[in-house]
Amino acid sequence: MTHLLDFLLNTAIVGLCATLVMDAWSWLRQPLLGVAPPNYALVGRWVRHMGNGQFRHPAIAQATAMPHEAITGWAVHYLVGLGFAGALLLLAGPGWLSHPTLWPALLFGLLSVAAPFLLMQPGMGAGLAARRTPNPRAARLQSLLTHTVFGAGLYLGGWVAHALTH
C-alpha cells in the first residue's frame, strides 16, 4: 500500500474507534451522571444553515428545522472525529502507531475541546465556551470530560490500528 493509503486507513481506524468510544461515554453519562447525550441533529441543523450563509444563531434549537439534519449531524460528528485522528497521526508521526502511547492521545483529545468551545457553541448560540448556557461550568466540565474520553479512544484506536495494519 502507498503511504497515503496507509495513512487514510489508519486515520479511519483510529478516528472511528475514538468517536465510538466518545459516543459510548455520551450514552453512559445519562444513567451515571444524569446528563443527556448530545443532540447531533442540532449540529446538522447548524451545518445545513451554513449552506444558506447563516453561520451563527441566537439559539440553534429555535432555528428552522432543516431536511436531513439528524443524518447530517451524525455524519459531521464522525467526519470531525476522523479529522482529529488524522491530525493526531500527522503530529505524532508514524512512530506513534508502532507503539501508541497514552499521553499524546489524551493531550490531543483535551485540546480538541477547542472546537466546541470556540466554534460550535458560539455558532449555535451557547456563547464562547458555553457561557450563555444555564450552567456554563457544568457544560464546560462535560465538554472537557467528553473530549478526554475521546483522547482515550484515540489511544485505543491507535492500538487497534497497530494490531490490524502492522
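The exercises below, each with a worked solution, concern a predicted model.

Local features are taken at pLDDT of at least 70 and side-chain atom pairs at pLDDT 80 or more, while totals for chains, interfaces and linings use all residues. Residues are numbered from 1 along each chain as its sequence is written, and side-chain values use heavy atoms, with hydrogens and water left out.

**Exercise 1. Describe helix α1 from its span to its end: what length does it reach, and where does it kink?**

Step 1. Helices are DSSP runs (H or I, at least four residues), numbered from the N terminus. Helix α1 covers residues 3-33, which is 31 residues.

Step 2. The expected span of a helix is 1.5 Å times one less than its number of residues. For α1 this gives 45 Å, and the distance from the first C-alpha to the last is 43 Å, close to that value.

Step 3. The bend at a residue is the angle between axes fitted to the seven residues ending there and the seven starting there. In α1 a kink of about 25° lies at W27, shortly before the proline P31.

Step 4. Just after α1, G34 has a positive phi of about 75°.

**Exercise 2. Find the residues that make the nonpolar surface patch, and state which element gives the most to it.**

Step 1. Patch residues have over 30% relative accessible area and no salt bridge; nonpolar side chains (Val, Leu, Ile, Met, Phe, Trp, Tyr) are joined within 5 Å, and like charges within 9 Å. Accessible areas come from the Shrake-Rupley method with a 1.4 Å probe, and for residues only the protein chains shown count as cover.

Step 2. L28, L32, L33, L141 and L145 make a nonpolar patch of about 460 Å². Two or more of its residues come from each of α1 and α7 (136-165).

Step 3. The element giving the most is α1, with 3 residues.

Step 4. Take L33, in helix α1. Buried means under 20% relative accessible area, exposed over 50%, and partly exposed in between (1.4 Å probe, protein chains only). L33 is partly exposed because its relative accessibility is 46%.

**Exercise 3. How many salt bridges does the structure hold, and which residues form a salt bridge?**

Step 1. A salt bridge is a side-chain nitrogen of Lys or Arg within 4 Å of a carboxyl oxygen of Asp or Glu. Side chains of opposite charge can pair when their charged atoms come close.

Step 2. The count is 1. R45 pairs with E69, and their closest N and O atoms are 2.8 Å apart.

Step 3. R45 belongs to helix α2 (residues 40-50) and E69 to helix α3 (residues 69-92), so the salt bridge ties together parts that are 24 residues apart in sequence.

Step 4. Both R45 and E69 are buried.

**Exercise 4. Identify the members of the largest nonpolar core that touch the most others, and the elements that supply the core.**

Step 1. A nonpolar core is a set of buried Ala, Val, Leu, Ile, Met, Phe, Trp, Tyr and Cys residues joined through side-chain atoms within 4.5 Å.

Step 2. The largest core has 22 residues, and V14, I60, L88, W96, L97, M124 and L154 touch the most other members.

Step 3. Two or more residues of this core come from each of α1, α2, α3, α4 (94-98), α5 (102-111) and α7. The largest share, 5 residues, is that of α1.

**Exercise 5. Where are H68 and A130, and is each buried or exposed?**

Step 1. H68 is in the loop between α2 and α3. Its phi is near 60°, a positive value in a residue other than glycine.

Step 2. H68 counts as exposed because its relative accessible area is 58%.

Step 3. A130 is in the loop between α6 (114-124) and α7. A130 also is not a glycine, and has a positive phi of about 60°.

Step 4. With a relative accessible area of 1%, A130 is buried.

**Exercise 6. Set the sequence separation beside the C-alpha distance for G151 and G109, and for T64 and L154.**

Step 1. G151 is in helix α7 and is buried, at 0% relative accessibility. G151 and G109 are 42 residues apart in sequence, with their C-alpha atoms 3.8 Å apart.

Step 2. T64 is in the loop between α2 and α3 and is exposed, with a relative accessible area of 56%. T64 and L154 are 90 residues apart in sequence, with 35 Å between their C-alpha atoms.
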